[in-house]
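Please find below a short note for your review. Comments on individual points are welcome.

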Amino acid sequence: MTGLRLVSLDALTAQEVDCWHALRDANPQLDSPYFHPGYAAAVHATGREVQVAVGRDVAGEVYALLPVHRERSMLRPAGWPAADFQGPILAAGSSFPALDLLTAGVRGFEFDHLVEGLADFTSWIESRRPSPFVDTSGGLEGYLGRASRSGKDNMGQARRRTAKAERTYGTVRFVADDVDPEALDRVIELKRAQYAATGARDYFAEPDRRDLLTGLLRTRDSSFGGILSTLRAGPHLIAAHFGMRSGNVLHWWFPVYDPAFAHLSPGWMLLRELVVAAPELGITRIDLGRGDDEYKRRAKTGEVMVCQGVVTRSTARQTLRRARNSAVATAKSSPLAPGLRQIVRTFRSPG
């Protein structure tokens, strides 16, 4: 194998893009929408440059691609900090020369959702966290056969609350693939209010991120695109979700609900409708993304691990990061941590 060549996404040849598709299609571990070239292209189209590390073997064949952002001396996965699955596009079981990323002034490649099982990154992994998913094969009936007791209970409550919402507010209408840009505006508005209420960093403070969702909503490619699902009761938009879909996988990305309807747990109502609609949509898995939110724990049918760390030759950088991670872990284990987490979970819950 030869070294890696870092080029702008725009400079990829048609043959290299074809290799991207072929490598991804052949590796089941890369079925998330985040690994589709359409995601990197959507990020790049917002004006935030995506570069791609391209690896070729001695015969000149492409064996790996890794879309990244360069920020001064650091590389980070394309879409950072909202890329919930990360890693190179390569054949299953293949190796990736991670240290070859550190050229031309690059001092590190930071990752926080690297897929598990990439042996070449083992030395730089600092921690692993679960990323839960919902197996929606067979729709609601299939899900209930695999769900935990808590998941079943919440789905049952969602059905009863849907009936209550209809009696109180009017007809409940679910749209699995809503293309209304005003509904997307409302999703972003509600999400920003949630960030403000919890003190979380406002992802949409950067205008390009709003542009990213708008561009994805307009992407109607049969193999990849944004998908907006909405739940209304009478005239009210009570819950919605914006995510990405590729093949049979839907990534749960930006779920929101109107706090005025929190008593109905509308997020669970929305999730139930999505599980019911999954067979018709051709979706067999909903990836919920990394996080310790209680609703994810209750709803999941399984989980995979994602890794955090940084590829670097600097032992000082590694020592500093480990010290920081240790301090964070200590804070989380403090007597105050459970109460703080509960406050955040109250706002993060699907309702």
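The points below concern a predicted model and take up a helix, the cavities and the salt bridges in turn.

1. Helix H7 covers residues 266-281, and its 16 residues should span 22 Å at 1.5 Å a residue; the end C-alpha atoms are 21 Å apart, which agrees. A kink of about 30° is nevertheless found at Val 275, shortly before Pro 279. Just after H7, Gly 282 has a positive phi of about 80°.

2. Helix H7 is largely enclosed by the rest of the structure, because 12 of its 16 residues are buried. Among them are Trp 268, Arg 272, Glu 273 and the kink residue Val 275.

3. There are 3 cavities of 30 Å³ or more, and the largest holds about 80 Å³ of space. Its lining includes Tyr 34, Phe 35, Tyr 39, Phe 85 and Gln 86. By class, the lining residues comprise 9 nonpolar, 2 polar and no charged.

4. The model contains 20 salt bridges. One of these joins the side chains of Glu 16 and Arg 5 at 2.5 Å, N to O. This pair links distant parts of the chain, with Glu 16 in helix H1 and Arg 5 in strand E1. Glu 16 is buried, at 1% relative accessible area, whereas Arg 5 is partly exposed, at 39%.

5. In helix H8, Glu 294 and Arg 297 lie 3 residues apart, about one turn of the helix, and their side chains meet in a salt bridge of 3.5 Å, N to O.

6. A network of salt bridges links Arg 48, Glu 71, Arg 76 and Glu 110.

Key
Residues are numbered from 1 along each chain as its sequence is written. This is a predicted model: local features need pLDDT of at least 70, side-chain atom pairs count only at pLDDT 80 or more; totals for chains, interfaces and linings use all residues. Side-chain values use heavy atoms; hydrogens and water are left out. Helices (H or I, at least four residues) and strands (E, at least two) are DSSP runs, numbered from the N terminus. The expected span of a helix is 1.5 Å times one less than its number of residues. The bend at a residue is the angle between axes fitted to the seven residues ending there and the seven starting there. Buried means under 20% relative accessible area, exposed over 50%, partly exposed in between (1.4 Å probe, protein chains only). On a 1 Å grid over the protein atoms alone, a cavity is a set of points where a 1.4 Å probe fits but cannot get out, and a pocket is an open set with protein on both sides within 12 Å along at least five of seven lines; lining residues have an atom within 4 Å of a point. Grid points are joined across faces, edges and corners, and a volume is the space filled by probe spheres set on the points. Ala, Val, Leu, Ile, Met, Phe, Trp, Tyr, Cys and Pro count as nonpolar, Asp, Glu, Lys and Arg as charged, and the others, Gly among them, as polar. A salt bridge is a side-chain nitrogen of Lys or Arg within 4 Å of a carboxyl oxygen of Asp or Glu.
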